[in-house]
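Please go through this structure term by term. Set each value against its cut-off.

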Amino acid sequence: MPGVVDRVVIVTGAGGGLGREYARLLAAEGALVVVNDLGSNRDGTGSGTAMADSVVGEIRAMGGRAVANYDSVATAAGAAAVVATALAEFGAVHGIVNNAGILRDGSFAKMTEENWDAVVRVHLFGAYHVTHAAWGHFREQGYGRVVMATSTTGLYGTFGQANYGAAKLGLVGLMNTLAIEGREYDITVNAVAPLAATRMTAEAPADLLQNLPPAHVAPVVGFLLSEECEDTGMVLIVGGGTVQRVQLFAGKPVLYPEVPTIEEVRENWNRITDMSDAEPGANPVG
Ligand code: NAD
């Protein structure tokens, strides 16, 4: 099976945590991996080459093929340099895991514009920049595989993570449209919401973390990047030995032939919010 053999895959934020697991597994399966990492702290401050270099060293030591890149995905120039590294070193780009991420938690009442901006720039703008820089190559070669790192925080919400949740569900919105636009070029775009013990989740309860080794997430990402996986636009929660698809469902529409009064909306509120006959949702204007 071709899988990811000889495919050039960019993994952003691959200097530690989940990205490192993705990069190692992909390389072990025969991919040529661009190990991108800014080498920042958990909050996005600082930078360095050691994190990406160390993962490239691990991959090469096990006989795999990898190259390091230290640019920030948060800017168009940085993302262009990530894709340029893939092209210069391996001559192509076939896949991207938009995995780089930071945290700046705080209740919404205390959310500063700086912390909002920093998180949205790395997660959402980062995925936009890197995917956009590779998109033309995907279209020209008629092939591309993209995985977005979303989060249960984006899907369901978590206290203190308004910036992070907005960015993470933004990635699902980006995925939905790219899945449509990519279809005719064999470009698939899917999203994984991982659950894993990394420095990002270091403050979670220890008994929870011990059941969440990041290695559990990597095979699903590996499958989504493979030639055999032609599904697109899917969201999967993955971690601790479970893989679960998540999808938006829509309740039965309540019809109002005439413009209703507020009172008529109130009267039907239980029916409007009833999800017992819900079915997979679809864009009525798409
Ligand atoms: P992590 O902190 O170990 O990994 C994130 C990596 O991204 C770090 O190595 C960091 O240096 C790098 N990075 C940060 N800013 C960057 C930038 N501008 N350009 C390039 N690299 C940058 O955390 P992780 O848990 O491995 O997270 C990986 C991804 O998975 C993130 O997108 C995170 O939001 C997502 N995620 C993780 C969990 C979990 O349970 N660990 C849950 C949901 C989502």
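The questions below cover one helix and the ligand site. This is a predicted model, in which local features need pLDDT of at least 70, side-chain atom pairs count only at pLDDT 80 or more, and totals for chains, interfaces and linings use all residues. Residues are numbered from 1 along each chain as its sequence is written, and side-chain values use heavy atoms, without hydrogens and water.

Q: What span is expected of helix H4, and what does H4 reach?
A: H4 covers residues 113-141, 29 in number. The expected span is 1.5 Å times one less than the number of residues, here 42 Å. H4 reaches 40 Å from its first C-alpha to its last, close to that value.

Q: Where does H4 bend?
A: At arginine 121, by about 40°. The bend is the angle between axes fitted to the seven residues ending there and the seven starting there. Just after H4, glycine 142 has a positive phi of about 65°.

Q: Why is the pair between asparagine 99 and the ligand called a polar contact?
A: A polar contact is a pair of N or O atoms within 3.5 Å. A backbone N or O atom of asparagine 99 lies 2.8 Å from a ligand oxygen atom, so the pair qualifies. Serine 40 has a backbone N or O atom 3.3 Å from an oxygen atom of the ligand. For leucine 38, such a backbone atom lies 3.3 Å from a ligand nitrogen atom.

Q: How much of the ligand's accessible area does the protein cover?
A: The protein covers 97% of the 820 Å² that the ligand has on its own, by the Shrake-Rupley method with a 1.4 Å probe.

How values were computed
Helix = DSSP H or I, 4+ residues; strand = E, 2+ residues; numbered from the N terminus. Polar contact = N/O pair within 3.5 Å; in protein donor to acceptor, adjacent residues only side chain to side chain.
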